[in-house]
Amino acid sequence: RRRRARCYLLDFACHKPSDDRKVTTEMAGAVIERNKRLGMPDYRFLLKVIVNSGIGEHTYCPRNVLDGREECATHYDALEEMDAFFDDAVRGVFEKTGVSPRDVDLVVLNVGSFSPAPSLAARVVARFGMREDVQAYNLSGMGCSAGLVSVDLARQVMLTRPRTMALVVTSESCAPNWYNGTDKSMMLGNCLFRCGGAAALLTNDPAYRSRAKMELRCLVRAHIGAHDDAHAAAVHCEDADGRLGVSLSKALPKAAVRAFSENLQRLAPRILPAAELARFTVRLLARKLMRRKLKFEGPKINFKTGVDHFCLHPGGTAVIEAVRKNLGLNSYDVEPATMTLHRWGNTSASSLWYVLSYMEAKRRLKAGDRVLMVTFGSGFKCNSCYWEVSKDLDDAGAWEDCIDDYPPETMVNPYTEKFGWVNDLQGQGGAFPF
Ligand SMILES: CC(C)(COP(=O)(O)OP(=O)(O)OC[C@H]1O[C@@H](n2cnc3c(N)ncnc32)[C@H](O)[C@@H]1OP(=O)(O)O)[C@@H](O)C(=O)NCCC(=O)NCCSC(=O)CC(=O)O
């Protein structure tokens, strides 16, 4: 049973869409101009959010948006986006590892807001010619935290099956999910979410141990959906005019922190050294005895005593900042998440694999290092997992052609320079003189 409980990350690959799908400032301006429902206050709102979003000029959009068809996406558009991802990242992880699709025993796929029949997991099985006895699971509707739900599911199945090779496929569908209305909490999604995806091979087969990049030490899931405000923090819904989109509430960063502390309460005893836990207990008791009059500086519990690298979901600047403050991290610790947001945007559940890839490309990950992955998602959930790095890692992956440019000299994007004039114009309406 102990052998089956092992879970090795053999390798992973992140999707890099083709260059012609990049969302430049001009291209974003053209999409905004096309939406005739928007007025001057909406332009100002969009400008403010895009400028402060932490997103650069190299993120990717689906082809239908590029072609000006964001209001009338077809089923084919959604499938085309997924196929481009499969052909790049899924094929990529097979090529990197030399594992054949016919060696795969288990497929776990998560894509939140596109759930065709046959399922996308079945599409992967068919596209790569997998065996007839492959087990395929398809998760949807689970938001940005689903990547670790997939890892958990693969791990749970592996507990019952020795020598299993699992393919975990993680993405989000952007093509049919562009929001065309004027509800601010839903317009936010257009500014943050971008195309991306990742595929990872996990196994409990000890024969692969020496080739594995990391070994999973523990995985903890917290779900605070029983609280109404947390449940309503990220919702796929229609606005007052019946236009579909994802509503992100202003309370989302607060829900993230709440779910995070639930998660950490269970995670900390499993990953932190006894000395740090003892220090924290003493501090807690002292505070209780002094009836909370004692004031302590710094983080309540020091996660750096058990974690070398923090692989955080780049949900948005406010989400990264809330986690940074909560854990008492510095800018070096959150650099991988911040740079991922800048280069790729929020690619939902696959984001954390880009963050991990950044760490690897920067040669931060050395044998024996401990990596904490933390993701947040609708529900509201916080899932985390704790890995031990098996060897020094240096694969630049999807960052290969740009890793030396990060961190950039300035994180300021050119939106203010090009569209700052919307703040100078008076009035509520009017055309967008792009
Ligand atoms: C959107 C931001 C980049 C904006 O940054 P700013 O520094 O400009 O912050 P700010 O608070 O002043 O916000 C600017 C303006 O946007 C408005 N604003 C902010 N958040 C809003 C929201 N959710 N709905 C409606 N309006 C909103 C503010 O009121 C303000 O308007 P005014 O100027 O009129 O007062 C940041 O707030 C941010 O990162 N928010 C979190 C984004 C988020 O929810 N990410 C999670 C994605 S979901 C995810 O990853 C997981 C999942 O759910 O599955």
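Which helices and which strand each supply at least two residues of the shell around the ligand? In this predicted model, the elements that do so are helix 3 (40-52), helix 8 (184-192), helix 12 (317-327) and strand 10 (370-377). The shell itself comprises 27 residues, of which K48, N52, C144, L248 and H313 come nearest to the ligand. By residue class, 12 members of this shell are nonpolar and 12 are polar, while the remaining three are charged.

Three polar contacts between the ligand and the protein can be described at the level of individual atoms. A nitrogen atom of the ligand lies 2.6 Å from a polar backbone atom of L248, a residue that also belongs to the group coming nearest to the ligand. On the side-chain part of the protein, an N or O atom of H313 is found 2.8 Å from a ligand oxygen atom, and an N or O atom in the side chain of N346 is placed 2.9 Å from an oxygen atom of the ligand. Taken on its own, the ligand has 1000 Å² of accessible area, and 75% of this area is covered by the protein.

Attention then turns to the packing of helices. Two packed helices are described by the angle between their axes and by the distance between those axes. For helix 5 (residues 75-97) and helix 6 (residues 120-127), the axes come within 11 Å and cross at roughly 50°. Because angles from 35 to 65 degrees fall outside the parallel and perpendicular ranges, helix 5 and helix 6 are oblique to each other. The crossing in which helix 5 passes helix 6 is right-handed.

The backbone was also examined for unusual conformations, given that most residues other than glycine have a negative phi and most peptide bonds are trans. Two cis peptide bonds are noted here. One of them joins A117 to P118, with omega near -5°, and P118 is located in the loop that runs between strand 2 (106-111) and helix 6, the latter being the helix that helix 5 crosses. Another cis bond leads from G379 to F380, with omega near 15°; F380 is situated in the loop between strand 10 and strand 11 (381-389), and strand 10 is among the elements that each supply at least two residues of the ligand shell. A further departure concerns S348, which, although not a glycine, has a positive phi of about 55°. This residue lies in the loop connecting helix 13 (331-344) with helix 14 (351-361).

How values were computed
Residues are numbered from 1 along each chain as its sequence is written. This is a predicted model: local features need pLDDT of at least 70, side-chain atom pairs count only at pLDDT 80 or more; totals for chains, interfaces and linings use all residues. Side-chain values use heavy atoms; hydrogens and water are left out. A residue is near a molecule or strand if one of its heavy atoms lies within 4 Å of it. A polar contact is a pair of N or O atoms within 3.5 Å; within protein, one must be able to donate a hydrogen and the other to accept it, and residues adjacent in sequence count only if both atoms are side-chain atoms. Accessible areas come from the Shrake-Rupley method with a 1.4 Å probe; for residues, only the protein chains shown count as cover. Helices (H or I, at least four residues) and strands (E, at least two) are DSSP runs, numbered from the N terminus. Ala, Val, Leu, Ile, Met, Phe, Trp, Tyr, Cys and Pro count as nonpolar, Asp, Glu, Lys and Arg as charged, and the others, Gly among them, as polar. Axes are lines fitted to C-alpha atoms, for helices over the stretch in contact, and angles run from 0 to 180 degrees between N-to-C directions. Angles under 35 degrees count as roughly parallel, over 145 as roughly antiparallel, 65 to 115 as roughly perpendicular and the rest as oblique. A crossing is left-handed if the near helix is turned anticlockwise from the far one by less than a right angle, and right-handed if clockwise.
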